[in-house]
Each structure stands twice: as structure tokens, then as C-alpha cells.
Amino acid sequence: IRQGMRTPQMHELTPDQQEKLDRHRAGLDQYLEERMPLLVDFCGRLELPEPHRVLIEAELFLAPIDDWVAQQELHDDENQADRVWLASRLGYFLGELLAQRFHGCWFVDDNPNGRYFGNCVVGQFSHFPNGRVDPTVAIWELLDQPVGRSLAQLVEQISSELVELARKVST
């Protein structure tokens with residue numbers, strides 16, 4: 001999580017930065033369109049009831065997905081394709097949950113000074129517009145934890161950090 005940095009004068013982007021930003025902006029619509037069927041399919045594979053509801057009520061799916069994630073044995077050296085598959089679905093889920101919970105949206109971070117420059121992030125939240133989260137980064141960190149990892153704790157940690165950010169900005 002980070003606050004959008006404001007610099008007294010914005011510098012021009014390097015050609016590499018501009019290319020990365022343009023490429024990721026061009027792919028944003030496809031990224032967002034693919035998240036919906038992937039999330040519904042993921043919840044269906046977990047045999048969760050009414051999996052389509054994840055698109056409008058992601059909060060209902062946090063506890064069962066958290067329980068499932070906690071039990072998964074993930075090893076760095078085995079089945080990297082499975083880890084990527086899982087990380088993409090969990091990243092979409094985390095981003096969607098945060099966007100719904102805090103009334104935010106998905107966008108490509110265009111702050112060249114930021115940690116998430118050029119990445120697809122969730123932010124522009126109604127009460128803390130400068131906060132942003134890269135769900136993919138957060139999920140990879142979660143998946144590197146041993147069995148017993150908690151998606152719900154990660155969500156609460158991020159939520160607390162966003163609330164603290166809002167408090168700092170308002171004072």
C-alpha cells in the first residue's frame with residue numbers, strides 16, 4: 001500500500017517508462033474483462049454456492065476462500081504453473097474485494113515515482129483516494145508463506161493500512 005506521491009513538478013517519462021505505461025494501459029480492459037469469468041470459475045471450482053455473486057459481493061467469499069488457501073501446500077520448486085494460476089485468481093479476488101469494500105476501482109498506476117508504476121492496481125478509494133494496492137504483489141507475498149497462511153488477515157492488514165493512511169492524510 002502506498003500513498004500517491006505528489007511532486008512539485010512532474011518530470012517527463014523516460015521512453016521505457018512511457019512504453020510500459022502505454023502497454024499496460026492498452027491491456028487494462030482485457031485484464032478487467034478476464035477477471036470476471038476467472039473469478040466465477042474459481043469460486044465454482046471451490047464448489048462455493050452461487051459463484052457469480054463474487055462479482056458483486058466478494059466479501060461473502062472471503063471466509064471460504066481463506067479456509068481453502070490456508071490448507072494449500074505450495075512449494076516454490078514444484079508446479080510453478082499452478083502457483084501462477086492460483087496467484088492470478090487470488091489477485092483478482094483480493095483486488096475486487098478491496099474495490100468493493102472501499103468503493104475504489106482498478107487502474108494502471110501512472111506515478112513514475114511510485115513502487116507500483118505501470119502496474120494494475122486498486123485504488124482511488126472514496127475515503128482515501130491516494131491509497132493504492134497492487135493485489136498481485138500482496139498475493140505473491142501471501143503464497144510464499146507456509147500452510148496456515150491467512151488471506152483474511154492479509155485483507156485486514158491492508159484495510160488497516162488504508163484507514164491509517166486516510167487518518168494521516170486528513171490531519
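1. Let's start with a small aromatic group: Tyr 31, Tyr 92 and Trp 106 are linked into a cluster by ring pairs. Rings of Phe, Tyr and Trp (its six-membered ring) count as a pair if their centres lie within 6.5 Å; planes under 30 degrees apart are called stacked, over 60 edge-to-face, and the rest tilted. This is a predicted model, where local features need pLDDT of at least 70 and side-chain atom pairs count only at pLDDT 80 or more, while totals for chains, interfaces and linings use all residues. Residues are numbered from 1 along each chain as its sequence is written, and side-chain values use heavy atoms, with hydrogens and water left out.

2. Stay with Trp 106 for a moment. Trp 106 sits in strand E2; helices (H or I, at least four residues) and strands (E, at least two) are DSSP runs numbered from the N terminus. Trp 106 is buried, at a relative accessible area of 9%. Here buried means under 20% relative accessible area, exposed over 50%, and partly exposed in between (1.4 Å probe, protein chains only). Leaving out residues up to four places away in sequence, Trp 106 touches a list of residues including Tyr 31, Arg 35, Tyr 92, Glu 96, Cys 120 and Pro 135. A contact is heavy atoms within 4.5 Å. Leu 48, on the other hand, is 58 residues from Trp 106 in sequence and 25 Å from it in space, C-alpha to C-alpha.

3. How far can you trust the model? pLDDT is the predictor's confidence in each residue, from 0 to 100. The protein averages 89, and 91% of the residues score at least 70. Among the elements, helix H2 (residues 59-71) has the highest mean, 98, and strand E1 (residues 2-3) the lowest, 47. Go carefully with residues 2-9: pLDDT stays under 50 there, although the model has 19 contacts for them beyond four places in sequence.

4. Now the inside. In soluble globular proteins, nonpolar side chains tend to be buried together. The largest nonpolar core in this model has 43 residues, and those with the most contacts inside it are Ile 65, Leu 90, Phe 93, Ile 139 and Leu 151. Such a core is a set of buried Ala, Val, Leu, Ile, Met, Phe, Trp, Tyr and Cys residues joined through side-chain atoms within 4.5 Å. Elements giving two or more residues to this core include helix H1 (15-45), H2, helix H3 (80-102) and helix H5 (151-170). H3 gives the most, with 10 residues.

5. Ile 65 deserves a second look. H2 has a kink of about 30°, and the kink is centred on Ile 65. The bend at a residue is the angle between axes fitted to the seven residues ending there and the seven starting there. Ile 65 is also one of the buried residues of H2, alongside Phe 61, Leu 62, Asp 66, Val 69 and Ala 70. Beyond its neighbours within four places in sequence, Ile 65 is in contact with Phe 42, Cys 43, Leu 46, Leu 48, Leu 90, Phe 93 and Leu 151.

6. How many disulfides does a search of the whole structure find? The count is 0, where a disulfide is a pair of cysteine sulfur atoms within 2.5 Å. For Cys 43, the nearest cysteine sulfur is that of Cys 120, 19 Å away. Cys 120 has its closest cysteine sulfur in Cys 105, at 9.7 Å, which is too far for a bond. Both cysteines are buried, Cys 43 at 0% relative accessible area and Cys 120 at 14%.

7. Back to rings: the structure has 8 aromatic pairs. Phe 102 and Phe 125 have ring centres 5.9 Å apart and planes at 75°, so this pair is edge-to-face. Phe 102 is in helix H3 and Phe 125 is in the loop between E3 and strand E4 (131-133), so the pair ties together parts 23 residues apart in sequence. Phe 102 is buried at 14% relative accessibility, and Phe 125 at 1%.

8. Two loop residues have a backbone angle to check. His 103, in the loop between H3 and E2, has a positive phi of about 55° although it is not a glycine. Gln 124, in the loop between E3 and E4, also has a positive phi, near 50°. His 103 is exposed at 57%, while Gln 124 is partly exposed at 43%.
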